[in-house]
Amino acid sequence: MQHDQQGDGSPMTKGGRRPKRLRLLLISGGLALTLAAGGGAVAYKYKLFSDIGEPVSFGKADADVDVKGKAATKASDTRPGVRMPTGPKAEFVRTNRLPDGTQIGRTTLTGAKSGFTGDVWVWVPKEYDDPKYAKSAFPVLISLPGGRGYPTNYWGTGPGLGLQKAVSDGAKAGTSLPFILIMPVHNADTKHHFDASDIPGQARMGTWMVEDVPDFTKANFRTFTSRDGWAYMGSSAGGFGAFKHVLKYPDRFKAAIASGVDIVPDSPLWNGNTQAMDENNPEKLAEKLITAGGPDVYINFQIGTAETGREKAEQFMKDYGRGPVHTKLQVIQDGEHNGKSYVRGMREGALEWISKVMVGPTPEPGVR
């Protein structure tokens with residue numbers, strides 16, 4: 001779980017070398033041609049520019065939301081089902097610029113409800129700044145890493161894994177919604193895993209992920225007011241958190257892609273607190289949801305053929321994949337227990353699957 005002008009004005013100097021000024025003009029012209037041919041991606045690939053660590057903002061249409069949360073858009077201009085950024089705006093620094101010009105930014109968030117402080121990485125698709133979508137909400141995919149998931153989140157710090165490009169390519173092809181990716185740290189330290197839960201006496205990581213991170217997202221981005229625009233994805237321990245949150249809070253989140261996933265809580269920090277564990281056990285939560293008769297949730301398990309755990313996912317599907325609990329298994333041929341394999345699975349079907357059960361942005365009529 002990744003930067004003197006020649007004094008005599010003659011066209012050539014002694015020895016036939018071009019003067020520095022002319023060389024600079026030629027270099028500049030060549031660079032311009034390179035950029036025209038390949039775009040900004042070429043420049044960033046060869047580190048001709050470096051703006052990593054510089055302030056970055058997201059959403060041209062949202063630029064008038066101030067730090068106190070006052071929005072420029074009038075309430076009467078807001079579409080039904082769309083929540084404009086509420087503020088306060090977070091301050092982001094750029095951590096990466098992708099070949100298509102989209103950016104990954106990082107900020108530090110202190111959760112008002114959990115009390116936990118950690119970093120969050122954000123990526124928004126190109127469509128977010130398209131004028132025709134300026135009044136539209138975008139679906140959110142909260143992406144959780146495996147392993148300790150602290151102090152970084154490899155989905156945000158390792159764009160080479162391809163998650164952002166998979167979403168971009170899918171949106172371009174019409175097979176995926178253009179998701180906003182929100183990538184928070186998953187645990188409170190490097191020594192323990194917290195089962196994405198509020199373990200008694202420990203950091204409230206469950207509240208961090210289901211309350212503080214969504215609140216932060218609503219403050220900064222145009223989001224849907226309904227659960228149809230909210231989902232999780234995660235790998236390994238992050239996959240556990242992803243599908244557990246959907247089962248526990250089906251009124252807030254609709255779907256999850258859970259890869260190489262754990263099925264039941266197993267942190268030693270529970271110290272035998274069975275009641276608290278049961279409240280965060282996907283099996284118990286699924287049974288409770290089935291008994292209640294809904295609302296419907298959708299879980300896509302991803303398992304590679306070169307890793308273990310498939311039988312556990314299949315058993316969960318057999319026991320609890322009924323009624324309002326809709327499950328699917330995405331088998332990744334030769335897939336291993338790592339992010340690249342899981343992104344491949346998303347390209348091969350999971351992204352399209354989750355896009356079909358969620359809502360996406362709609363363009364403003366008459367705006368190109």
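**A tour of helices, core and loops**

Select helices H4 and H10 to begin: H4 crosses H10 in a right-handed manner (the near helix is turned clockwise from the far one by less than a right angle; anticlockwise would be left-handed). Helices and strands are DSSP runs, of H or I over at least four residues and of E over at least two, numbered from the N terminus. The model is a predicted one, in which local features need pLDDT of at least 70 and side-chain atom pairs count only at pLDDT 80 or more, while totals for chains, interfaces and linings use all residues. Residues are numbered from 1 along each chain as its sequence is written, and side-chain values use heavy atoms, without hydrogens or water.

**Two helix pairs**

H4 covers residues 163–173 and H10 covers residues 339–356; their axes come within 9 Å and cross at roughly 25°. Axes are lines fitted to C-alpha atoms, for helices over the stretch in contact, with angles from 0 to 180 degrees between N-to-C directions. H4 is therefore roughly parallel to H10 (an angle under 35 degrees). Now display the side chains in contact (heavy atoms within 4.5 Å): Leu163, Lys165, Ala166, Val167 and Asp169 of H4 meet Val343, Met346, Arg347 and Leu351 of H10. 

Next, select H6 (residues 237–248) and H8 (residues 282–292), whose axes come within 9 Å and cross at roughly 25°. H6 is thus roughly parallel to H8, and this crossing is left-handed. Which residues make the contact between H6 and H8? On H6 they are Phe240, Phe243, Lys244, Leu247 and Lys248, and on H8 they are Pro282, Leu285, Ala286 and Leu289.

**The nonpolar core**

Which residues touch the most other members of the largest nonpolar core? They are Ile182, Tyr232, Phe243, Leu247, Phe301 and Ile354, in a core of 85 residues. Such a core is a set of buried Ala, Val, Leu, Ile, Met, Phe, Trp, Tyr and Cys residues joined through side-chain atoms within 4.5 Å. Centre the view on Phe301: beyond four places in sequence, its contacts include Phe243, Ala258, Val261, Phe316 and Gln330.

Continue to Gln330, in strand E12 (residues 325–332). Is Gln330 buried or exposed? Gln330 is buried, with a relative accessible area of 9% (buried is under 20%, exposed over 50% and partly exposed in between, for a 1.4 Å probe and protein chains only).

**Two buried phenylalanines**

Select Phe216 in helix H5 (residues 205–220); at 6% relative accessible area, Phe216 is buried. Its C-alpha atom lies 8.5 Å from that of Gly111, although 105 residues separate the two along the chain.

Then move to Phe138, in the loop between strand E5 (117–123) and strand E6 (140–144). Phe138 is buried at 0% relative accessibility. Among the residues that Phe138 touches, beyond four places in sequence, are Pro125, Tyr133, Ile180, Phe224 and Pro361.

**Backbone details in the loops**

Most residues other than glycine have a negative phi, and most peptide bonds are trans. Go first to Gly87 and Pro88, joined by a cis peptide bond with omega about 0°. A cis bond also runs from Gly294 to Pro295, with omega near 5°; Pro295 is in the loop between H8 and strand E11 (297–304).

Finally, select Ala196, a residue other than glycine with a positive phi near 50°. Ala196 is buried, with 0% relative accessible area. Asn271 likewise has a positive phi of about 50°, but Asn271 is exposed at 68% relative accessibility.

Definitions and conventions: Angles under 35 degrees count as roughly parallel, over 145 as roughly antiparallel, 65 to 115 as roughly perpendicular and the rest as oblique.
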